[in-house]
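This report describes how two chains are arranged, how they meet, and how their strands pair. The sequence and the structure are shown first.

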Number of protein chains: 2
Amino acid sequence: MSGSGYTVRPIGWVESPLALPEEAPKQGDEGAPDAWLVFDEAMADGLRDVEVGSELLVLTWLDRARRDVLAVHPRDDRSRPLTGVFSTRSPDRPNPLGLHRVGVLEIDGLRFRVQDLEALDGTPILDVKPPLGRVEER
Amino acid sequence: MSGSGYTVRPIGWVESPLALPEEAPKQGDEGAPDAWLVFDEAMADGLRDVEVGSELLVLTWLDRARRDVLAVHPRDDRSRPLTGVFSTRSPDRPNPLGLHRVGVLEIDGLRFRVQDLEALDGTPILDVKPPLGRVEER
């Protein structure tokens, strides 16, 4: 039924001091260090309107996650009951897509310095979107 | 540099009265009809904790989008200047991942009726996540 699937291709990569999962905070606003989003040159035209100070939603491919897990203890806290992964933000899930809200601190060509990103160094970036504001402002 | 990419596999599909792009509102909270998320049986264990009344983030594969577009007129309004796709919510983008915030109205086994989903009928679902609440409540 699911057929062969679809192929996602990285548009860039994360550069971060976070190298190991156990070093990373559970979410970006829980103490993540500043990181860089480093984009492929082919994406320049799509990124030209991003500004310092804006908020972005970054979608990543959590390449160190497990895809065969359907239930986890939330936040790796074994005192919490096993919970279906679709009710958690666990990186382990059938399609390990990461969703991160970050703030842009600096732009240097195709390198964007951001705050509040808990993704590990080398994580592939798949997409960037603006958060949705009020309907009248879209 | 981007290599061969990664394969995403649908975990379910959207059933919606919206069949054509021109029928769909630009965003789900701009008049989308109720729709159903219909999940693959293999995903049941991952979905067991979703409840009626909850809000979900749904990630989809916008299978009718163009992947070779890097700049668009926002909201198809040609009076607005061409804008890099990563500063818009255009479905046309290198990896056409849709991000939708919906409310769960009804659960019938692996069929979830939701409000505020603008995705077209037949759109593959890739992931479901809870929105992030306050840090203390995670």
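## Symmetry of the two copies

In this predicted model, B:T7 is the residue of chain B that comes closest to the rotation axis, its C-alpha lying at 2.3 Å. Two copies of a chain are related by a rotation about an axis and a shift along it. Here a turn of 180° with a shift of 0.0 Å along the axis lays chain B on chain A with an RMSD of 0.0 Å, which is the relation of a two-fold axis. The same surface serves both copies, since 100% of the contact residues of chain B recur in chain A. The superposition is by least squares on the C-alpha atoms of residues with pLDDT of at least 70 in both copies.

## Basis of the values

The model is predicted, so local features need pLDDT of at least 70 and side-chain atom pairs count only at pLDDT 80 or more, while totals for chains, interfaces and linings use all residues. Residues are numbered from 1 along each chain as its sequence is written, chains are lettered from A and ligands numbered from 1 in the order in which they are written, and side-chain values use heavy atoms, with hydrogens and water left out.

## The interface

Contact (heavy atoms within 4.5 Å) links 55 residues of chain B with 55 residues of chain A. The area buried between the chains is about 5200 Å², and carbon and sulfur atoms give 58% of it; this is the accessible area, taken with a 1.4 Å probe, that the two parts lose on being put together, summed over both.

Between chain B and chain A there are 24 residue pairs in polar contact, both residues being at pLDDT 80 or more. A polar contact is a pair of N or O atoms within 3.5 Å; within protein, one must be able to donate a hydrogen and the other to accept it, and residues adjacent in sequence count only if both atoms are side-chain atoms. On chain B, the elements that each supply at least two residues of the side touching chain A are β1 (6-8), α1 (44-47), β4 (55-61), β6 (83-84), β7 (97-108) and β9 (124-129). Of these, β9(B) gives the most, with five residues. Helices (H or I, at least four residues) and strands (E, at least two) are DSSP runs, numbered from the N terminus. By class, this side of chain B has 28 nonpolar, eleven polar and 16 charged residues. Ala, Val, Leu, Ile, Met, Phe, Trp, Tyr, Cys and Pro count as nonpolar, Asp, Glu, Lys and Arg as charged, and the others, Gly among them, as polar.

The chains also share a strand pairing: β1 (residues 6-8) of chain A and β1(B) run antiparallel over three bridges. Within this pairing, A:Y6 has B:V8 as its bridge partner. Strands count as paired if DSSP finds at least two bridges between them.

## Salt bridges

A salt bridge requires a side-chain nitrogen of Lys or Arg within 4 Å of a carboxyl oxygen of Asp or Glu. The structure holds 24 over all chains, and two lie between chain B and chain A. A:D127 and B:R93 meet in a salt bridge at 2.9 Å, N to O.

Inside chain B, B:E15 forms a salt bridge with B:R111, with the closest N and O atoms 3.1 Å apart. B:E15 lies in β2 (residues 12-15) and B:R111 in β8 (residues 111-115) of chain B, so the pair ties together parts that are 96 residues apart in sequence.

## Strand pairing within the chains

In chain A, β4 (residues 55-61) and β7 (residues 97-108) pair in the antiparallel sense over seven bridges, with A:L57 opposite A:R101. β7(A) also pairs antiparallel with β8 (residues 111-115) of chain A, over five bridges, and A:D108 stands opposite A:R111. Two residues lie between the strands of this hairpin, where A:G109 takes a positive phi near 65°.

In chain B, β2(B) is joined by four bridges to the antiparallel β3 (residues 35-39), where B:L37 is the bridge partner of B:V14. Two bridges join β2(B) to β9(B), also antiparallel, and B:W13 has B:P124 as its bridge partner.
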